[in-house]
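Colleague: I would like a close look at one part of this model rather than a tour of the whole. Please take the part where the strands come together, and say how far the prediction can be relied on there.

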Amino acid sequence: MEIKINFKKVDTGKRRCRICGYIYDPKKGDPLRNISPGIYFEDLPDSWRCPVCKYQKWQFWIILEEPPIPEEKELLLDEN
Ligand SMILES: [Zn+2]
């Protein structure tokens, strides 16, 4: 029996600065600039800059990650 796992990558909401490697995580926000946790990168003000190298938002890349491997029971459901 062949089991197929969907490895489609998902957008984690994280954004990486292409200049210095700083990662903006919406779960943490940016305390240094009074950005509360839960604010998505896209919702940051245009005046927001990378806290490390001061580059602008468009210098950031979207980080895609593979979702965790599903539990065995979820795999069985996929077989239907
Ligand atoms: Zn940076």
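Modeller: What follows goes through the sheet strand by strand, then turns to the loop and to the confidence values. The model is predicted, not determined by experiment.

First, the setting. The protein contains three strands and one helix, and along the sequence they come in the pattern β-β-β-α. The three strands form an open sheet in the order β2-β1-β3, and the pairing is antiparallel. Its edge strands are β2, residues 23-24, and β3, residues 60-65, each of which pairs on one side only.

Strand β1 covers residues 10-17 and pairs with β3 in the antiparallel sense over five bridges. Two of the residue pairs can be named here. Arg 15 has Ile 62 in β3 as its bridge partner, and Cys 17 has Phe 60 in β3. The pairing of β1 with β2 is also antiparallel and runs over two bridges. On that side, Arg 15 stands opposite Tyr 24 in β2. Arg 15 therefore has a partner in each edge strand: Ile 62 in β3 and Tyr 24 in β2, with β2 and β3 being the edge strands. As a general point, side chains in a regular strand alternate between the two faces of the sheet.

Strands β1 and β2 form a hairpin with five residues between them, and Gly 21 in this hairpin takes a positive phi near 90°.

Now to one residue of β1 in more detail. Asp 11 lies in strand β1. Is Asp 11 buried or exposed? Asp 11 is exposed, because only 10 other C-beta atoms lie within 10 Å, and a residue with 12 or fewer counts as exposed. Leaving aside residues up to four places away in sequence, Asp 11 touches Ile 62 and Leu 64. The C-alpha atoms of Asp 11 and Glu 66 are separated by 8.9 Å, although the two residues are 55 residues apart along the chain. For the protein as a whole, 59% of the contacts between residues at least 6 apart in sequence join residues at least 24 apart. Buried residues make up 9% of the 80 residues.

The loop between β2 and β3 holds two residues with a backbone feature to note. Asn 34 is found in this loop, and its phi is near 60°, a positive value in a residue other than glycine. Asn 34 is exposed, since 7 other C-beta atoms lie within 10 Å. Lys 54 is placed in the loop between β2 and β3 as well. Lys 54 is not a glycine either, yet it has a positive phi of about 70°. With 11 C-beta neighbours inside 10 Å, Lys 54 counts as exposed.

Last, the confidence. The average pLDDT of the protein is 86, and 78% of the residues score at least 70. Where among the elements is the mean pLDDT highest, and where lowest? Strand β2 has the highest mean, 97, and helix α1, residues 72-78, the lowest, 61. The edge strand β2 is thus the element with the highest mean pLDDT.

Note on methods: Residues are numbered from 1 along each chain as its sequence is written. Helices (H or I, at least four residues) and strands (E, at least two) are DSSP runs, numbered from the N terminus. A residue is buried if 20 or more other C-beta atoms lie within 10 Å of its own, exposed if 12 or fewer, and partly exposed in between; C-beta atoms are placed from the backbone. Two residues are in contact if their C-beta atoms, placed from the backbone, lie within 7 Å. Two strands pair if DSSP finds at least two bridges between them. pLDDT is the predictor's confidence in each residue, from 0 to 100.
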